[in-house]
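Reader: I'm a first-year student, and I'd like a close look at just one thing: the surroundings of the ligands. Could you walk me through them slowly?

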Amino acid sequence: MRETDLLVVGAGAAGLSAASEAAKHGLAVTVLDDNLLPGGQYFRRLPTGYHHTHETVFDKERQRANALYATTGQKGITYLNDAVVWESPENGVLAFARGADSGRIRAKLTIIASGAHDRPAPFPGWTLPGVVTAGGLQNLLKGQRVIPGRRAIVAGNGPLVLLVGATLARAGAELREVVEAAPILKRLAGSIADLIAMPKIVRQAVDYRLAIMKSGARLRTGWTVIEARGADELEEVVLAPIDATGKVDRSRARAVKADLLVVGFGLMPSIELVRLLDCKLEWKPLRGGWVPVRGADFETSRPGVLAVGDGAGIGGVEMALREGKLAGVIAAERLGKLSRDQAANLKAPIQAEIAKVETFRRGLERLYAMPPAFLDLLTPETIVCRCEDVTAGELRARQDAGFGSTAALKGTTRTTMGRCQGRNCLRTLSALIAQASGQPIEQVTMPRPRLPARLVTIGDLLQEELPPIEMPKDPHLPRGERVS
Amino acid sequence: MAGSVFVETPPRDAEIAVVGGGVAGMSTALFLARAGRDVVVLERGVPWGDASGANAGTLSLQVKRTEVLDLCKLSLDVWKRFGAEMDIDVGFGQPGGLRVATTEAEVAHLREYSEEQRQGGLEFEWMEGNQLRDMAPWLSTSVRAATFCREDAYSSPLLSGGALPAAVGKAGGRIVGHAEVTDLKREDGGYRIETKRGALRVKTLVITAGPWSGQLARMLDVALPIYVDVNMLSVTEPAPKILDRVITHIGGILSLKQLANGTILIGGGWQGRGRFAGMEKFADHVRLGQNLTTAVSVVPDLAKLRLVRTWAGYEAVAPDALPAFGRLPNNDGAYIAAAARGGFTFGPAQGLLISEMILDKPPSTPIGRFDPARLLTGAHA
Ligand SMILES: Cc1cc2nc3c(=O)[nH]c(=O)nc-3n(C[C@H](O)[C@H](O)[C@H](O)COP(=O)(O)OP(=O)(O)OC[C@H]3O[C@@H](n4cnc5c(N)ncnc54)[C@H](O)[C@@H]3O)c2cc1C
Ligand SMILES: Cc1cc2nc3c(=O)[nH]c(=O)nc-3n(C[C@H](O)[C@H](O)[C@H](O)COP(=O)(O)OP(=O)(O)OC[C@H]3O[C@@H](n4cnc5c(N)ncnc54)[C@H](O)[C@@H]3O)c2cc1C
């Protein structure tokens with residue numbers, strides 16, 4: 001079994017910042033990440049050997065990006081790419097799949113920096129080819145420099161909408177519409193005092209908006225996508241305004257031709273590992289939903305396990321970088337490499353910066369807050385679970401038949417049980433249950449956490465050396481405890 | 001709720017109450033309701049919320065001990081009739097199964113074991129060499145021989161969990177969900193039942209609460225020893241056809257099958273970790289590894305697939321591992337179906353046979369040796 005002082009799961013902004021800082025103070029750090037290249041989502045990069053001609057919005061970040069990538073070669077850091085952390089066989093130990101190198105690792109302290117994934121937002125036609133998520137599109141652009149269409153519409157809610165719009169405009173797409181569901185222009189005045197805590201980001205957002213305007217695309221705020229249409233692939237997108245009560249006003253709906261629809265209704269923290277580790281969760285809708293409860297110093301309810309970055313609550317890249325760095329200092333202090341005073345001196349300026357990002361986030365959250373109207377969009381034919389092809393109609397029929405709980409709907413329809421492990425449908429399922437039962441969504445039971453945290457190749461799992469198999473004398477006889 | 005197969009609260013009086021809505025209880029209720037009896041199922045959560053919803057759905061005849069072959073055949077027949085005669089889609093399929101042997105010792109053991117089963121009425125074909133490769137080219141060359149039993153089958157815990165409760169409702173039975181039974185008392189030649197959704201009185205009581213059956217029997221002063229295994233099961237991502245038979249192993253713990261959606265279930269009864277109190281049940285890292293190792297040693301292509309999920313569930317087993325069902329000792333009008341190694345396989349037969357007892361019909365197969373009275377311990381033995 002491998003051993004390390006500090007184990008960091010995730011080589012994104014948060015994980016790499018944590019690793020770099022901790023190693024600087026003398027810790028032996030191992031970073032495990034399931035991508036081939038370091039950087040995580042925001043700092044995703046082109047594979048080696050690829051070249052591109054178009055500048056993207058992202059190229060301005062090259063300096064920070066290169067500094068982060070370089071940490072994987074920093075003294076004291078062992079970086080293992082293509083390594084999927086899939087379970088915790090015992091306290092302080094995580095198991096990972098990495099081809100012939102698969103195995104377990106024991107750490108004195110663990111930092112989970114698992115990032116986020118797109119929040120599912122089903123509406124009629126959302127599974128048509130030509131409809132992609134905002135995160136997915138950013139990945140394609142950054143990782144491959146590919147735009148999967150020509151005439152593009154971007155729709156959703158949250159800061160990624162403007163970003164994706166600007167990115168597409170600059171990358172040469174024929175951008176038609178950028179559609180933000182929250183009435184952000186009307187709300188701007190109420191948020192600006194907080195937002196200017198991060199002037200650089202505000203400037204960036206202004207740039208994004210200019211880029212969108214310059215491209216000739218129309219920016220609508222207070223509008224949403226309500227349907228994607230097409231025979232075999234996307235042909236047109238139906239947009240409609242949202243009224244003051246949060247309802248979609250279908251009477252003013254408009255159809256726009258397009259062959260690419262990018263949908264981004266926000267992100268959700270990737271919590272599968274903290275759930276497997278049995279960390280307590282709390283519901284923070286403005287941070288993406290379920291997040292691990294964290295004490296001071298980012299510790300989860302499981303001693304020795306810290307959580308930072310988007311995986312601990314959506315905070316964006318600026319938050320992830322700073323939380324990571326702070327966690328690195330915390331780790332060095334806890335493992336005896338820094339005195340209390342030394343650590344306090346290092347922490348203070350990072351904490352001050354985090355406070356600024358928090359202020360900015362508050363402004364951002366007020367700006368983008370939106371009532372969840374998407375359930376109203378579901379028709380009986382709308383697919384909720386893409387892996388198992390379960391429609392909203394089927395789920396509602398099951399609910400009407402009395403199979404109303406998470407377990408019963410899962411058990412009788414397979415929703416959440418496919419290869420996405422529920423990432424693309426659990427939130428919708430919970431929302432449907434909440435709607436039918438009148439409970440708030442956070443009171444809807446979550447399915448039990450199951451391993452693996454992410455899909456792993458069975459062959460990899462066989463690389464680990466196991467004790468010899470002990471067969472029971474008679475496999476028919478009971479092997480468990482007596483219960484009555 | 002319109003169209004619901006559930007009722008919100010139990011009636012005050014009913015003829016028969018079935019406690020526990022898994023495959024054993026729902027089958028019992030189905031046959032009683034179809035016979036026109038007034039039956040209420042009381043379920044702690046939702047039907048199929050426990051072992052019946054978590055299991056592999058393997059209905060293998062040839063893995064069964066000789067003593068239970070007839071019971072197993074009856075149950076396979078009922079599973080088949082659900083779809084064929086009663087229009088209840090339980091996802092039954094009968095591709096036949098291969099029980100494999102990988103070493104000389106296992107081959108000898110398989111010969112001996114299958115011969116004994118032949119005496120007990122099992123029909124199978126001995127397969128080796130080219131015949132085996134032709135039938136199952138996807139088997140590892142390490143498999144030296146196998147017995148092929150045409151009757152080995154499967155059914156779908158997913159489909160049956162929706163279809164059987166619906167069929168009970170359609171036949172006039174009532175199902176009360178979230179109605180955990182908290183107390184049982186004999187009263188005026190019948191039973192008084194307390195549930196979390198209200199109390200009721202019945203003439204006849206059937207306990208089909210899986211591993212919790214022992215606790216319920218104790219409320220009526222019957223001490224039955226019941227054990228729980230914590231079985232693990234894993235499922236892969238969907239794949240094009242890899243195997244098309246139900247696989248079991250004479251010398252290793254294994255069950256394998258590919259479902260209609262292309263996913264492959266890998267199990268066989270490897271033990272997870274957990275405790276019964278508090279419903280704690282987890283996969284065990286080492287034994288999962290051993291389970292997968294065994295699986296890949298028999299079907300090498302599995303190594304290429306990705307694992308989507310592993311889980312663990314309780315299976316109730318009697319000390320002698322034979323099914324325990326029939327009259328509840330010392331309690332007139334009370335019945336129990338508490339434990340059976342492979343209880344998903346046996347559930348429909350248990351339900352049919354208990355309904356026959358209640359309906360005063362001759363049993364479809366002899367059941368004397370499964371009488372729970374054989375297990376009695378303590379003061380009431
Ligand atoms: C698809 C996507 C695209 C995005 N694009 C942008 C963008 O262009 N601009 C922007 O401002 N924000 C973007 N975001 C938001 C972005 O998540 C944050 O700004 C930032 O990347 C957060 O950094 P992080 O370190 O917390 O997480 P991430 O950067 O997401 O890094 C987490 C890393 O952990 C890995 N990981 C997680 N679980 C495991 C495991 N079990 N085993 C091994 N590795 C694991 C992940 O694969 C990932 O590499 C995007 C988010 C997503 C989901
Ligand atoms: C992982 C796994 C794989 C398996 N694979 C197979 C297989 O391939 N083939 C096979 O034949 N068998 C298999 N089994 C065994 C099989 O699943 C069980 O034996 C069978 O489902 C038992 O059915 P049951 O109806 O007796 O009990 P259960 O399905 O356990 O149902 C009992 C019900 O009683 C309810 N209940 C409990 N207490 C109360 C109370 N106080 N009041 C009201 N209700 C109560 C419970 O909520 C539950 O719904 C497997 C088991 C597991 C766990």
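Author: Happily; we'll take the two ligands in turn, with the terms explained as they come up.

This is a predicted model, in which local features need pLDDT of at least 70 and side-chain atom pairs count only at pLDDT 80 or more, while totals for chains, interfaces and linings use all residues. Residues are numbered from 1 along each chain as its sequence is written, chains are lettered from A and ligands numbered from 1 in the order in which they are written, and side-chain values use heavy atoms, with hydrogens and water left out.

Start with ligand 1. It is surrounded by 34 residues, where surrounding means having a heavy atom within 4 Å of the ligand. The closest of them are A:Ala14, A:Asp33, A:Asp34, A:Gln138 and A:Lys142. Sorted by class, this shell holds 16 nonpolar, 13 polar and five charged residues (Ala, Val, Leu, Ile, Met, Phe, Trp, Tyr, Cys and Pro count as nonpolar, Asp, Glu, Lys and Arg as charged, and the others, Gly among them, as polar).

Now zoom in on the oxygen atoms of ligand 1. A polar side-chain atom of A:Gln138 comes within 2.7 Å of one. The backbone takes part too: an N or O atom of A:Gln41 lies 2.9 Å from a ligand oxygen, and a polar backbone atom of A:Ala113 is 3.5 Å from one. On its own, ligand 1 has 970 Å² of accessible area, and the protein covers 95% of it (Shrake-Rupley method, 1.4 Å probe).

Which element gives the most to this shell? That is H3(A), with four residues; helices here are DSSP runs of H or I with at least four residues, and strands are E runs of at least two, numbered from the N terminus. Other elements of chain A that supply at least two residues include helix H1 (13-24), strand S4 (84-90) and helix H8 (316-334). Domain 1 (2-117 + 268-338) and domain 2 (120-265) of chain A both contribute, so ligand 1 lies between them; the bounds come from an automatic or database domain assignment.

On to ligand 2. Its shell also has 34 residues, and the closest are B:Glu43, B:Ser52, B:Thr58, B:Val181 and B:Thr345. By class there are 15 nonpolar, 14 polar and five charged residues. Domain 1 (13-53 + 158-225 + 320-376) and domain 2 (97-150 + 227-317) of chain B each give at least three residues to the shell.

A polar side-chain atom of B:Arg44 lies 3.0 Å from an oxygen atom of ligand 2, and a polar backbone atom of B:Gly343 is 3.1 Å from one. A nitrogen atom of ligand 2 is 2.8 Å from a polar backbone atom of B:Thr58. Alone, ligand 2 exposes 1,000 Å², of which the protein buries 93%. Elements of chain B that give two or more residues include helix H1 (23-34), helix H9 (343-358), S13 and S19.

Those last two strands belong together. S13 (residues 227-236) and S19 (residues 306-317) of chain B pair in the antiparallel sense over 10 bridges, where pairing takes at least two DSSP bridges. Along this pair, B:Asn231 stands opposite B:Gly313 in S19(B).

Conventions. Polar contact = N/O pair within 3.5 Å; in protein donor to acceptor, adjacent residues only side chain to side chain.
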